[in-house]
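I opened this model to see how the chain is put together. My entries follow in the order in which I looked things up.

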Amino acid sequence: MAYSDKVLDHYENPRNVGTFDKSDDQVGTGMVGAPACGDVMKLQIRVNEAGIIEDARFKTYGCGSAIASSSLVTEWVKGKTLDEALTIRNTQIAEELALPPVKIHCSILAEDAIKAAVKDYKDKHTG
Ligand code: FES
Ligand code: FES
């Protein structure tokens, strides 16, 4: 299938690939899988004392659209509060990357991953 230019750009030059130390108090980690295809996405945020996401990392074992979706989301969350990050919708990701219907679940994976990362961070700080 043909990927859009934006998917190809993120696929060939993925932003923010890597990992943070999961045990770091300022780090939230989200790990999600897509039952439809078995792809797995790990997305991490680093939050500063003011509650702002200052950095993000991802590792995605999956298709080009999943890699592009996670790369895009790591860019979008930077500078956002946790609550702002939770407003990111897969439909925005799919629209930005011009994903075809069969690849919508790849963008859902990215939305779920950021939600899971925020939840992990919040769980660490409300214990
Ligand atoms: Fe093969 Fe996603 S279905 S990588
Ligand atoms: Fe399954 Fe993209 S995440 S095909």
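**Entry 1: the whole chain**

I began with residues 2-125, whose end C-alpha atoms lie 43 Å apart; the span is 45% helix and 19% strand. The choice of span comes from UniProt, where an unreviewed entry places the annotation "domain: NIF system FeS cluster assembly NifU N-terminal" on residues 2-125. I note that the model is predicted.

I then listed the secondary structure of the chain and got five helices and three strands. Read from the N terminus, the elements run α-β-β-β-α-α-α-α. The radius of gyration came out at 14 Å, close to the 14 Å that the globule rule gives for 127 residues, so the chain is as compact as a globular protein of that length. I also took the extent of the C-alpha trace along its principal axes, which is about 45 × 25 × 25 Å.

Of the 127 residues, 39% count as buried. I looked at contacts with a separation of 6 or more as well, and 63% of them are between residues 24 or more positions apart.

**Entry 2: the sheet**

In what order do the three strands lie in the sheet? I found an open sheet with the order β1-β2-β3 and antiparallel pairing. β1 and β3 are the edge strands, each pairing on one side only. From one strand to the next the twist averages 15°.

I went through the first pair in detail. Strand β1 covers residues 27-33 and strand β2 covers residues 40-47; seven bridges join them. On this pair I noted V27, whose bridge partner in β2 is R46. G30 stands opposite L43, and V32 has M41 as its bridge partner. The two strands form a hairpin with six residues between them, and in the turn G38 has a positive phi of about 85°.

The second pair joins β2 to strand β3, residues 53-61, through eight bridges, and is again antiparallel. M41 turns up here too, with T60 as its bridge partner in β3. This hairpin has five residues between its strands, and G51 in the turn has a positive phi of about 80°.

**Entry 3: a residue in the second turn**

I picked E49, which is found in the loop between β2 and β3. Is E49 buried or exposed? The count gave 7 C-beta neighbours inside 10 Å, so E49 counts as exposed. I took its distance to P35 as well: the two are 14 residues apart in sequence, yet 36 Å apart in space, C-alpha to C-alpha.

**Entry 4: helices on the sheet**

Next I checked which helices meet the strands. α2 lies across β2 and β3 and runs at about 175° to β3. α5 packs on the sheet and touches β1 and β2; its direction makes about 140° with that of β1.

**Entry 5: a residue in α2**

I chose T74, which is found in helix α2, residues 64-77. T74 has 26 other C-beta atoms within 10 Å; 20 or more make a residue buried, so T74 is buried. Which residues is T74 in contact with, leaving aside its neighbours within four places in sequence? The list is R15, N16, L43, A56, R57 and F58. I also took its C-alpha distance to Q44, which is 8.4 Å for two residues 30 apart in sequence.

**Entry 6: the nonpolar core**

I finished with the largest nonpolar core. It has 32 residues, of which L43, I45 and I114 touch the most other members. The elements that give two or more residues to this core are β2, β3, α2, α3 (82-85), α4 (90-97) and α5 (104-125). The largest share, nine residues, comes from α5.

L43 had already come up twice, opposite G30 in the sheet and among the contacts of T74. For I45 I pulled the contacts beyond four places in sequence, and these are V27, G28, I53, A56, V77, A117 and Y121. A56 is in my list for T74 too. I closed the notebook there.

Terms used. Residues numbered from 1 in each chain as written. Chains lettered and ligands numbered in written order. Predicted model: local features only at pLDDT ≥ 70, side-chain atom pairs only at ≥ 80, totals over all residues. Pairing = 2+ DSSP bridges. Helix = DSSP H or I, 4+ residues; strand = E, 2+ residues; numbered from the N terminus. Buried ≥ 20, exposed ≤ 12 C-beta atoms within 10 Å, placed from the backbone. Contact = placed C-beta atoms within 7 Å. Rg over C-alpha atoms; globule rule 2.2 N^0.38 Å. UniProt positions renumbered as here; feature names shortened; annotations may be inferred. Core = buried A, V, L, I, M, F, W, Y, C linked by C-beta atoms within 7 Å. Axes fitted to C-alpha atoms, helices over the stretch in contact; angles between N-to-C directions.
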